[in-house]
Amino acid sequence: MKFFVDTADVKDIRELNDLGLVDGVTTNPSLILKSGGNIIDVTKEICSIVKGPVSAEVTATDYAGMMKEAAVLAKIADNICIKLPVTLDGLKACKALTSDGHETNLTLCFSANQALLAAKAGATYISPFIGRLDDIGLNGMDLIGEIRTIFDNYDFETQILAASIRTVNHVKEAALIGADVITAPPATLKALVKHPLTDKGLEAFLADWAKTGQSIA
Ligand code: E4P
């Protein structure tokens with residue numbers, strides 16, 4: 001399973017990348033706003049830090065506009081993945097960009113049928129939004145399971161990128177179901193390592209070690 005970090009905060013990306021936790025990055029217009037930077041400058045810097053795919057999202061909603069923006073985004077770096085909404089125009093742009101050899105990430109997916117269309121359009125990734133489905137009282141993880149079954153039924157190569165991850169439990173459940181990738185905020189990725197018994201055990205070991213009066217180095 002690959003770990004993408006869902007942020008445009010360069011400091012956080014650098015820190016997680018140094019920890020070896022970053023296989024790629026996902027950004028969106030809201031995350032660019034939060035970063036306070038210019039989309040081209042911020043995305044270029046992220047691409048220089050991370051080797052894996054960096055999703056940069058188009059903001060046009062029509063096919064021609066999407067293609068125009070995709071051309072600008074694709075020039076930023078070789079590891080740009082063009083992020084498009086799952087709409088009819090987005091699917092058309094996905095097909096064209098895939099044929100041109102670009103990686104694509106179809107975003108704002110809330111149904112298995114949208115994922116099926118993305119796979120048929122040749123998307124590299126489909127991003128089902130788990131947390132936002134949970135927010136309206138549904139179980140976002142059910143959608144990951146449905147898409148996994150459909151993709152396995154037909155050997156679709158599109159990778160399931162579980163997005164809108166809000167908790168460490170989301171990460172575990174997505175892994176159990178077989179999502180190919182998760183994208184999570186920096187705090188959630190770092191929280192994966194936490195367990196109270198690890199902290200308690202370490203504290204006890206260190207206290208006993210101090211009593212020995214020994215040192216290893
Ligand atoms: C994914 O690509 C999106 O950027 C992200 O996961 C959305 O998450 P949110 O619902 O927490 O905004």
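**Close-up views of a predicted model**

**Figure 1. Overall view of the protein, shown as a predicted model.** Among the contacts in the protein with a separation of 6 or more, 55% are accounted for by residues 24 or more positions apart. The protein has 217 residues, of which 45% count as buried, and its secondary structure consists of eleven helices and eight strands. Taken along the principal axes, the box filled by the C-alpha atoms of the protein is roughly 70 × 40 × 30 Å.

**Figure 2. Close-up of the largest pocket and the residues that line it.** The space in the largest pocket amounts to about 310 Å³, and its lining is made up of 18 residues, with Asp6, Asn28, Leu31, Arg132 and Ser164 lying nearest the centre. Helix H2, which spans residues 29-35, contributes three residues and thereby the largest share of the lining. Sorted by character, the lining of the largest pocket comprises six nonpolar, seven polar and five charged residues.

**Figure 3. Close-up of the contact between helix H1 and helix H3.** The axes of helix H1 (residues 10-18) and helix H3 (residues 39-49) come within 10 Å of each other and cross at roughly 5°; because angles under 35 degrees count as roughly parallel, H1 and H3 are described as roughly parallel to each other. On the H1 side the contact is made by Val10, Ile13, Arg14 and Asn17, and on the H3 side by Glu45, Ile46 and Ile49. The residues of this contact of H1 with H3 divide into four that are nonpolar, one that is polar and two that are charged.

**Figure 4. Close-up of Thr188 in helix H10.** Helix H10 covers residues 186-191 and includes Thr188, which counts as buried because its relative accessibility is 9%, where the cut-off for buried is under 20% relative accessible area. When neighbours within four places in sequence are left aside, the residues in contact with Thr188 are Ile165, Arg166, Thr167, Val168 and Val171.

**Figure 5. Close-up of Glu173 in helix H9, with Asp12 for reference.** Glu173 has its place in helix H9, which runs over residues 168-177. With a relative accessible area of 27%, Glu173 is partly exposed, since this class lies between the limits of under 20% for buried and over 50% for exposed. Glu173 and Asp12 are separated by 161 residues in sequence, and the distance between them in space, from C-alpha to C-alpha, is 24 Å.

How values were computed:
Residues numbered from 1 in each chain as written. Predicted model: local features only at pLDDT ≥ 70, side-chain atom pairs only at ≥ 80, totals over all residues. Heavy atoms only, no water. 1 Å grid on protein atoms, 1.4 Å probe; cavity = no way out; pocket = protein on both sides within 12 Å on 5 of 7 lines; lining within 4 Å. Points joined across faces, edges and corners; volume = space filled by probe spheres on them. Helix = DSSP H or I, 4+ residues; strand = E, 2+ residues; numbered from the N terminus. Nonpolar A, V, L, I, M, F, W, Y, C, P; charged D, E, K, R; others polar. Axes fitted to C-alpha atoms, helices over the stretch in contact; angles between N-to-C directions. Parallel < 35°, antiparallel > 145°, perpendicular 65-115°, else oblique. Contact = heavy atoms within 4.5 Å. Buried < 20%, exposed > 50% of the residue type's maximum accessible area, 1.4 Å probe, protein only.
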